[in-house]
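Hi,

Here is the structure I promised to pass on. Have a look first, and then read on for what turned up when I went through its pockets.

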Amino acid sequence: EERRNAAVVQALKHGHIESAQRLLEDMVRSGYAPSRFVTSQAMAFLGRLKKADEVEALFQLLLRQGCPIDTVIHNCVVAAYGEAGNFAAMEAAVERMRAMQCPPDVVTSNTLIRKYLLGGRVEQALGILRVMRRDGSAPNARSYNTVLGMLCEAGQLDAAHDLMQEMREEGCTPTNVSYNIIIKGYAKARQLEDMDKCFQGMVDAGFKPDNITFGQCMSAHRDACALEKVEEYFNLMAQHGCAPDAMTLSILASTYGKLARLDKQQELHDELDSRGYRYD
RNA sequence: CGUCCUGGUU
């Protein structure tokens with residue numbers, strides 16, 4: 001049984017989803033109960049490929065064979081239907097959780113918010129958040145972050161700012177990611193002064209900017225051809241104890257490329273090559 | 001140890 005679980009994990013690791021799926025099915029049919037961790041991971045992979053029917057088939061197989069089914073597995077089914085844009089089935093999967101004495105949790109709600117937004121069903125997404133806020137089933141930072149992202153994407157930066165304030169008032173502390181989302185919004189709207197202020201606010205509030213924070217700020221300034229600002233952010237990384245990762249370096253490289261500093265760009269490309277990273 | 005949020009190229 002251990003070996004079979006390990007084989008599934010290996011298959012997933014190498015991106016061989018179908019063979020992972022076969023291995024799992026064989027395992028269940030021959031009377032073994034695959035680990036919930038492995039099962040949900042496989043379901044999550046299939047879900048991202050929009051293979052909701054396959055996820056459902058796997059779910060039914062577990063059910064028939066009396067394998068244990070937990071909230072995470074249910075959540076994977078919900079996500080798979082949502083990813084495939086099958087909202088009726090997604091909602092039915094949530095109902096099934098209740099019927100099976102496995103109540104939906106905050107991750108379930110966050111999944112619904114996300115999938116509704118991806119499907120352009122903004123009102124339904126906001127409705128989920130509204131219900132969470134009202135009935136005390138505390139939304140967490142990810143619930144808010146998902147909606148913040150949508151507001152920023154739509155250029156509603158003031159609304160995003162207000163929502164971040166509301167989350168604080170409701171006792172839900174914003175995270176690094178909340179700030180990264182707002183920064184991305186200002187970058188997209190080309191409001192670079194506001195973006196810089198948001199970065200400063202993040203630091204002042206005691207949050208630690210990461211490679212995503214710096215990368216977003218740097219690429220925004222690169223697009224504005226502000227090389228000094230890009231370098232300024234890059235140099236700030238050390239002060240914040242943040243070691244640049246390959247993606248951050250490639251943003252810096254593309255900045256030098258854009259401004260025809262080919263010597264500097266080549267230096268970075270060599271560094272990236274030595275890390276086996278693909279740039280372009 | 002698994003499911004929900006944010007970055008370069010497209």
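Let me start with α9, which gives the lining of the largest pocket its largest share, eight residues. Please keep in mind that this is a predicted model.

The largest pocket itself holds about 880 Å³ of space. Its lining is made up of 30 residues, and those closest to the centre are N110, R114, K115, R142 and T146. If you want to trace the walls by element, two or more residues of this lining come from each of α3 (36–48), α5 (71–83), α7 (106–118), α9 (141–153) and α11 (176–188). As for the chemistry of the lining, 13 of its residues are nonpolar, nine are polar and eight are charged.

Now to the other site. The second largest pocket has a volume of about 220 Å³. It is lined by 14 residues, with R98, P104, S109, M132 and S137 the closest to its centre.

Which elements supply at least two residues each to the lining of this second largest pocket? They are α6 (87–99), α7 and α8 (122–134). Here the largest share belongs to α7, with four residues. Sorted by class, the lining of the second largest pocket has eight nonpolar residues, along with three polar and three charged ones.

One last thing to look for on screen is α7: this helix gives two or more residues to the lining of the largest pocket, and it also supplies at least two to that of the second largest.

Happy browsing, and all the best!

Technical notes
Residues numbered from 1 in each chain as written. Chains lettered and ligands numbered in written order. Predicted model: local features only at pLDDT ≥ 70, side-chain atom pairs only at ≥ 80, totals over all residues. Heavy atoms only, no water. 1 Å grid on protein atoms, 1.4 Å probe; cavity = no way out; pocket = protein on both sides within 12 Å on 5 of 7 lines; lining within 4 Å. Points joined across faces, edges and corners; volume = space filled by probe spheres on them. Nonpolar A, V, L, I, M, F, W, Y, C, P; charged D, E, K, R; others polar.
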